[in-house]
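Q: Hi! Could you walk me through this structure, starting with how its chains meet?

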2 protein chains.
Amino acid sequence: MIIAIDAMGGDLAPSSNIEGAIEAAREMPDIRLVLVGDEARLTPMLAQAPTNIEIRHASEIVEADEEPVKAVRRKRDSSLVVGVTMVKNKEADVIISAGNTGAFMTAALLITGRIKGIDRPALSPIVPTVGTAGAMILDAGANMDAHPKNLLQYAIMGSIYAKKVMGVESPRIGLLNVGTEERKGNDLTKETYGLLQESSLNFIGNVEARDVMEHVCDVVVCDGFSGNILLKTMEGMAKTMMSVMKEEFTRTVTSQLAAMMLRPGLKRMKMKMDYAEHGGALLMGVQGTCIKAHGSSSARAIYTAIKQAKKFVEQDVNGLIAREIQGESGDSHV
Amino acid sequence: MIIAIDAMGGDLAPSSNIEGAIEAAREMPDIRLVLVGDEARLTPMLAQAPTNIEIRHASEIVEADEEPVKAVRRKRDSSLVVGVTMVKNKEADVIISAGNTGAFMTAALLITGRIKGIDRPALSPIVPTVGTAGAMILDAGANMDAHPKNLLQYAIMGSIYAKKVMGVESPRIGLLNVGTEERKGNDLTKETYGLLQESSLNFIGNVEARDVMEHVCDVVVCDGFSGNILLKTMEGMAKTMMSVMKEEFTRTVTSQLAAMMLRPGLKRMKMKMDYAEHGGALLMGVQGTCIKAHGSSSARAIYTAIKQAKKFVEQDVNGLIAREIQGESGDSHV
């Protein structure tokens with residue numbers, strides 16, 4: 001299996017991408033990792049790397065603030081576009097990027113195309129929940145004005161992922177809504193509710209945003225706008241609360257001492273809230289396997305994304321989705 | 001000024017409602033408080049109350065899980081409906097309820113009606129932010145499928161509130177979106193962006209969910225579905241993180257000791273995240289002044305809502321909204 005990594009994408013690129021790749025390459029000698037990026041910059045950083053890592057040269061970089069469609073069209077030799085093209089040409093099984101999200105989604109869609117029968121791909125991150133499992137959100141921002149049929153397809157894709165990659169036997173599908181009662185919500189959720197109920201998915205009904213972190217379901221289905229609000233509020237609250245905590249814990253000598261005594265607990269707490277433990281966001285529904293790692297991905301996050309990518313490919317999730325969607329009569333949903 | 005309180009509404013009713021009312025009545029001898037509810041139950045609890053609190057009997061209670069429209073139509077003698085009717089009949093200037101949100105919104109709309117020119121009222125809570133000011137969210141759940149014009153009206157109402165009640169000189173209005181760039185978002189936000197830009201409001205552009213708690217703006221404008229997701233994710237994350245913290249802090253004797261040493265800081269932290277310090281959610285755009293206190297309101301939250309109500313009435317926020325909306329040519333927005 002060949003896993004390509006956009007070495008130049010992300011706030012901490014290329015160092016954290018390389019570090020994460022080296023760790024993964026050591027642990028999984030059966031995979032081959034290809035770092036896509038500026039060869040002159042990358043080569044010296046790979047002096048100690050194991051032999052199952054190589055470099056694929058790409059001369060350009062898509063910056064974080066570039067307009068996605070323009071960037072993909074103009075920067076044909078960027079690490080991001082070259083990486084996605086490798087997947088299209090079957091030179092790699094997966095591409096992982098921590099770079100410009102919009103550009104990555106655009107490249108994935110334009111270059112590798114959609115899985116036949118899927119109307120709209122979904123950006124599908126896994127958010128931390130109480131316990132360790134996490135929950136997949138589809139869609140967290142690929143498709144802003146979604147239709148009920150899109151949400152049904154998200155549910156099917158999420159269910160397959162949760163079963164095959166997260167190892168959940170009968171994934172619980174929740175519809176993100178403003179209340180748990182059936183008739184709650186907007187036009188989109190009301191119509192989607194019926195579609196999900198008629199499907200053979202393990203649909204548990206509407207779920208409220210505050211219950212997502214309590215792990216009431218394994219897969220949260222929503223339009224890309226709402227999913228983005230959910231995801232970014234979770235991220236923002238975790239960050240804000242951690243910084244408020246830090247402020248309080250460093251205020252006095254007593255509080256500093258107490259914080260030291262609490263260090264193992266605080267570390268565990270941070271890990272529980274940490275996206276780095278849950279891998280990247282899949283672009284579910286595109287032909288090529290494309291994983292969007294968080295913009296500020298640490299080496300650990302890249303390493304986790306590589307492990308996730310391996311499992312995704314081994315389990316042939318995209319193949320299962322294609323078969324499921326083509327036989328979409330409602331009676332064989334995973 | 002007469003402030004009516006639905007004594008029977010809320011998870012901790014009637015005790016926390018009564019406690020909060022007594023505290024407020026003592027501190028503000030110039031207001032009169034009317035507790036609406038079961039006289040036989042309330043009378044003994046008011047033995048020590050100051051003379052500016054009285055009881056208005058109402059024999060029924062709207063339960064938290066009742067279907068709103070049915071409850072309002074059938075339970076004419078419920079504390080919730082009687083309280084809203086008092087406002088309609090000018091027997092009270094404000095009604096505060098911690099009861100069934102849907103029923104309260106329905107009663108407010110059906111019984112007191114909309115402010116002339118306002119198409120849709122907005123449920124408008126104030127969420128905690130870094131610092132102490134808080135930010136108002138409109139709409140957090142009154143109107144699920146909103147139009148751009150609704151959002152413009154929310155912005156106008158929120159701006160007047162922030163100026164008059166929160167004391168912000170030139171309230172910063174943000175449009176909740178998935179990114180800060182102008183062209184981001186769904187059909188609704190794209191069209192609303194233009195309307196807000198043409199207005200004379202202090203529109204600062206799109207704001208991301210993760211920046212709301214960082215207080216990038218004083219007023220956050222959004223459709224009721226997205227606002228509800230934002231609000232409930234914030235609540236849920238605060239609750240989940242506090243419970244993870246508690247778990248870690250009670251794990252060992254050392255961590256328990258450390259938590260004791262940190263108590264003042266933890267208390268300050270909890271206060272910073274506490275909705276009870278920010279009053280209730282206004283139903284902006286209805287004729288009568290109706291304040292929805294949080295379902296699990298403490299005495300402190302009720303007390304804060306009473307102070308908020310007093311200021312709202314003193315500043316004649318509803319009168320200002322009516323005048324602003326009627327002269328809605330865009331050149332005199334507060």
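**Chains, bridges and domains**

A: Happy to. Across the interface of chain B and chain A there are 8 salt bridges by the rule used, and this is a predicted model.

Q: Which elements of chain B give two or more residues to the side that touches chain A?

A: They are β8 (173–177), α7 (187–198), α8 (209–212), α9 (224–249), α10 (253–261) and α11 (263–272) of chain B. The largest share comes from α9(B), with 20 residues. By class, that side of chain B has 24 nonpolar, 13 polar and 15 charged residues.

Q: Nice. How many residues does each chain bring to the contact?

A: Chain B brings 52 residues, and chain A brings 52 residues.

Q: And what area is buried between chain B and chain A?

A: About 4800 Å², with carbon and sulfur atoms giving 72% of that area. There are also 13 residue pairs in polar contact between chain B and chain A, counting pairs with both residues at pLDDT 80 or more.

Q: Back to the salt bridges, then. What does E208(A) pair with?

A: E208(A) meets K232(B), with N to O at 2.3 Å. E208(A) sits in strand β9 (residues 203–208) of chain A and K232(B) in helix α9 of chain B, so this pair joins two chains.

Q: Are those two side chains, E208(A) first, buried or exposed?

A: E208(A) is buried because its relative accessible area is 10%, under the 20% cut-off. K232(B) is buried as well, at 11%.

Q: What about R210(A), which residue does its side chain meet?

A: R210(A) forms a salt bridge with E235(B), at 3.2 Å from N to O. This pair also crosses between chains, running from helix α8 of chain A to helix α9 of chain B. R210(A) is partly exposed, with 30% relative accessibility, and E235(B) is partly exposed at 28%.

Q: Which residues are linked with R210(A) and E235(B) in a network of salt bridges?

A: E208(A) and K232(B) are linked with them, so to speak of one pair is to speak of part of a network made of E208(A), R210(A), K232(B) and E235(B).

Q: Remind me, why can side chains like these pair at all?

A: Opposite charges can pair when the charged atoms come close.

Q: Can you give me another bridge between the chains? What does R268(B) pair with?

A: R268(B) forms a salt bridge with E248(A), and their closest N and O atoms are 2.9 Å apart.

Q: Let's zoom out. How many salt bridges are there over all chains?

A: The count over all chains comes to 29. One within chain A is R172(A) with D218(A), where the closest N and O atoms are 3.2 Å apart.

Q: Where in the chain are R172(A) and D218(A)?

A: They link distant parts of chain A, 46 residues apart. R172(A) is in the loop between α6 (148–164) and β8 (173–177), while D218(A) is in the loop between α8 (209–212) and β10 (219–221).

Q: And is D218(A) buried or exposed?

A: D218(A) is buried, with a relative accessible area of 4%. Its partner R172(A) counts as partly exposed, at 26% relative accessibility.

Q: Changing topic: what domains does chain A have?

A: The domain assignment gives domain 1 (1–118 + 285–315) and domain 2 (120–276). Their C-alpha centres lie 25 Å apart. Domain 1 of chain A puts 20 residues into the contact and domain 2 of chain A puts in 14.

Q: What area do domain 1 and domain 2 of chain A bury between them?

A: About 1400 Å², of which 66% is on carbon and sulfur atoms. M105(A), I118(A) and H294(A) supply 34% of the area that domain 1 buries against domain 2, more than any other three residues.

Q: How many salt bridges are counted between those two domains?

A: The count is 0. Between domain 1 and domain 2 of chain A there are, however, 4 residue pairs in polar contact, with both residues at pLDDT 80 or more.

Q: Which elements give two or more residues to the domain 1 side?

A: Those are α5 (101–112) and α12 (299–314) of chain A. The most comes from α12(A), with 6 residues. By class, the side of domain 1 that touches domain 2 has 6 nonpolar, 10 polar and 4 charged residues.

Key
Residues are numbered from 1 along each chain as its sequence is written. Chains are lettered from A and ligands numbered from 1 in the order in which they are written. This is a predicted model: local features need pLDDT of at least 70, side-chain atom pairs count only at pLDDT 80 or more; totals for chains, interfaces and linings use all residues. Side-chain values use heavy atoms; hydrogens and water are left out. Contact means heavy atoms within 4.5 Å. Buried area is the accessible area (1.4 Å probe) that two parts lose on being put together, summed over both. A salt bridge is a side-chain nitrogen of Lys or Arg within 4 Å of a carboxyl oxygen of Asp or Glu. A polar contact is a pair of N or O atoms within 3.5 Å; within protein, one must be able to donate a hydrogen and the other to accept it, and residues adjacent in sequence count only if both atoms are side-chain atoms. Helices (H or I, at least four residues) and strands (E, at least two) are DSSP runs, numbered from the N terminus. Ala, Val, Leu, Ile, Met, Phe, Trp, Tyr, Cys and Pro count as nonpolar, Asp, Glu, Lys and Arg as charged, and the others, Gly among them, as polar. Buried means under 20% relative accessible area, exposed over 50%, partly exposed in between (1.4 Å probe, protein chains only). Domain bounds come from an automatic or database domain assignment.
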